[in-house]
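Student: Please give me a close look at one part of this model, the way its helices pack. Then link that to the annotated sites.

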Amino acid sequence: MCQDVTRDFLKALPKCEHHMHLEGALTPAVLFKLAAKNNISLPSDDSAFTSAETLLQRYERFSSLDDFLHYYYIGMSVLITASDFEALAWDYFEHAAADGVVHAEVFFDPQAHLSRNVSYETILQGFNAARVRAQREFDISSELICCFMRHLPAPDCEATFKLEDVQASYKRGDVVGIGLDSSENNFPPELFKSLYAGAKSLGLRRTAHAGEEGPSKYIEDSLDLLDVERIDHGIRIAEDPKLMERVAKQGTLLSVCPISNVLLQCLTSVAEVPIRKFIDAGIRFSINSDDPAYFGNNYILDNYIAVQNAFSLSHSEWRTVCENSIRGSWCSETRKEEMLAQLKSVVDNA
Ligand SMILES: Nc1ncnc2[nH]cnc12
Ligand SMILES: [Zn+2]
């Protein structure tokens, strides 16, 4: 740890997590337990699935986003009942609480479950039970973001978006907005214009993965064609100084996931995440875990620590990071004021 910014200080910071896929909290141990309980057969032609230990070892050498997604989609096939989804989300919230998360806006991939005949209501029932408990026991507020998988045909994404149960979840306020995830290259934002226009017309919040593996043009097009309010990852914006200027001026928040970027071979080290460039350019960003159970069990605090080790931020820079994370959250202004007061007290006492 560098200078006088300590691990305890980083832990105490009131964190907002904006980029965490609940299905990415599925550890190999739980994956094997649920596969046995739910009678799900795992691939017999891949020795990675011999045991939880071999699977964990395989997770240490992902060669790309698509290599990871192959295992990720097999993994989530063991999730069947509402209690499976609840346990998954609860596991995340326990880690989040230990790491000082006060507000979490978490992704889920309904299409990956609906295609296996798991109902949308089953998914939401489980996730909501965990969210209510996290609010009660940990004082963590949370929002759900419904992600659409860009490797699937856009009309399928739109059909899912229009399902009665899905629309009802927006109306009830159970789901605050939409996102776009999965394989990035060759699935440009323009394919999803009509989906995002539909979301905007319902008053939903909008974000999209862009510039993770894909070009910075996908970031620009997500802003121009999808009218997103946040960009997930966005690291390749560093290749386009003009776009950096624009994003800084607009105040668009990037939800950056440093350890994920290294483990998926987007970058060779956390030091290559353009954190210093973002700070110098006045670009707002939050720091997030993405899929912690797949990425070395590294949750949000591990990502904060990795950034500190690589960039030696000052107390005041951490204050700005957390303030921008709070202001870029999709919660009420009252909740933001509470979190800002918590932040002030942590920084004043450091
Ligand atoms: N890092 C990531 N990029 C795209 N899709 C994802 N789904 C889960 N994690 C993802
Ligand atoms: Zn992601």
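Tutor: Start with the term we need. A helix axis is a line fitted to C-alpha atoms over the stretch in contact, and angles run from 0 to 180 degrees between N-to-C directions. Keep in mind that this model is predicted.

Now take helix H16 (residues 315-327) and helix H17 (residues 333-348). Their axes come within 10 Å and cross at roughly 170°. Angles over 145 degrees count as roughly antiparallel. H16 is therefore roughly antiparallel to H17. Which residues of H16 and H17 make the contact? H16 supplies His-315, Arg-319, Cys-322, Glu-323, Ile-326 and Arg-327. H17 supplies Lys-336, Met-339, Leu-340, Leu-343 and Val-347. By class, that contact of H16 with H17 has six nonpolar, one polar and four charged residues.

Next, set another pair beside it. Helix H5 (residues 82-98) packs on helix H7 (residues 120-138) at about 30°, with the axes 7 Å apart. Angles under 35 degrees count as roughly parallel, so H5 and H7 are roughly parallel to each other. Their crossing is right-handed. Among the contact residues of H5 are Phe-85, Ala-89, Trp-90 and Phe-93. H7 brings residues including Ile-123, Phe-127, Ala-130, Arg-131 and Phe-138. The residues of this contact of H5 with H7 are twelve nonpolar, four polar and four charged.

A third pair is H2 (residues 28-37) with H3 (residues 52-59). Their axes come within 8 Å and cross at roughly 135°. H2 and H3 are therefore oblique to each other. The crossing of H2 and H3 is right-handed. In H2, look for Pro-28, Ala-29 and Phe-32; they meet Ala-52, Leu-55 and Leu-56 of H3. This contact has six nonpolar residues, no polar ones and no charged ones.

H2 also leads us to the annotated sites. The loop between strand S1 (15-17) and H2 holds His-19. An unreviewed UniProt entry marks His-19, His-21, His-209 and Asp-290 as "binding site". These residues span 272 residues in sequence, yet no two of their C-alpha atoms are more than 11.8 Å apart, so they gather at one spot.

Now turn to ligand 1. Which residues are around ligand 1? They are His-21, Gly-24, Leu-65, Tyr-72, Asp-181, Ser-182, His-209, Glu-212, Ser-260, Asp-290 and Asp-291. His-21, His-209 and Asp-290 appear here, and they are in the UniProt "binding site" annotation too. By class, this shell has two nonpolar, five polar and four charged residues.

Last, step back to the chain. UniProt, again in an unreviewed entry, lists residues 14-344 as "domain: Adenosine deaminase". That span is 50% helix and 13% strand. The C-alpha atoms at its two ends lie 10 Å apart.

How values were computed. Residues are numbered from 1 along each chain as its sequence is written. Chains are lettered from A and ligands numbered from 1 in the order in which they are written. This is a predicted model: local features need pLDDT of at least 70, side-chain atom pairs count only at pLDDT 80 or more; totals for chains, interfaces and linings use all residues. Helices (H or I, at least four residues) and strands (E, at least two) are DSSP runs, numbered from the N terminus. Angles under 35 degrees count as roughly parallel, over 145 as roughly antiparallel, 65 to 115 as roughly perpendicular and the rest as oblique. A crossing is left-handed if the near helix is turned anticlockwise from the far one by less than a right angle, and right-handed if clockwise. Two residues are in contact if their C-beta atoms, placed from the backbone, lie within 7 Å. Ala, Val, Leu, Ile, Met, Phe, Trp, Tyr, Cys and Pro count as nonpolar, Asp, Glu, Lys and Arg as charged, and the others, Gly among them, as polar. A residue is near a molecule or strand if its C-beta atom, placed from the backbone, lies within 6 Å of it. UniProt positions are given in the numbering used here, feature names are shortened, and annotations may be inferred rather than shown by experiment.
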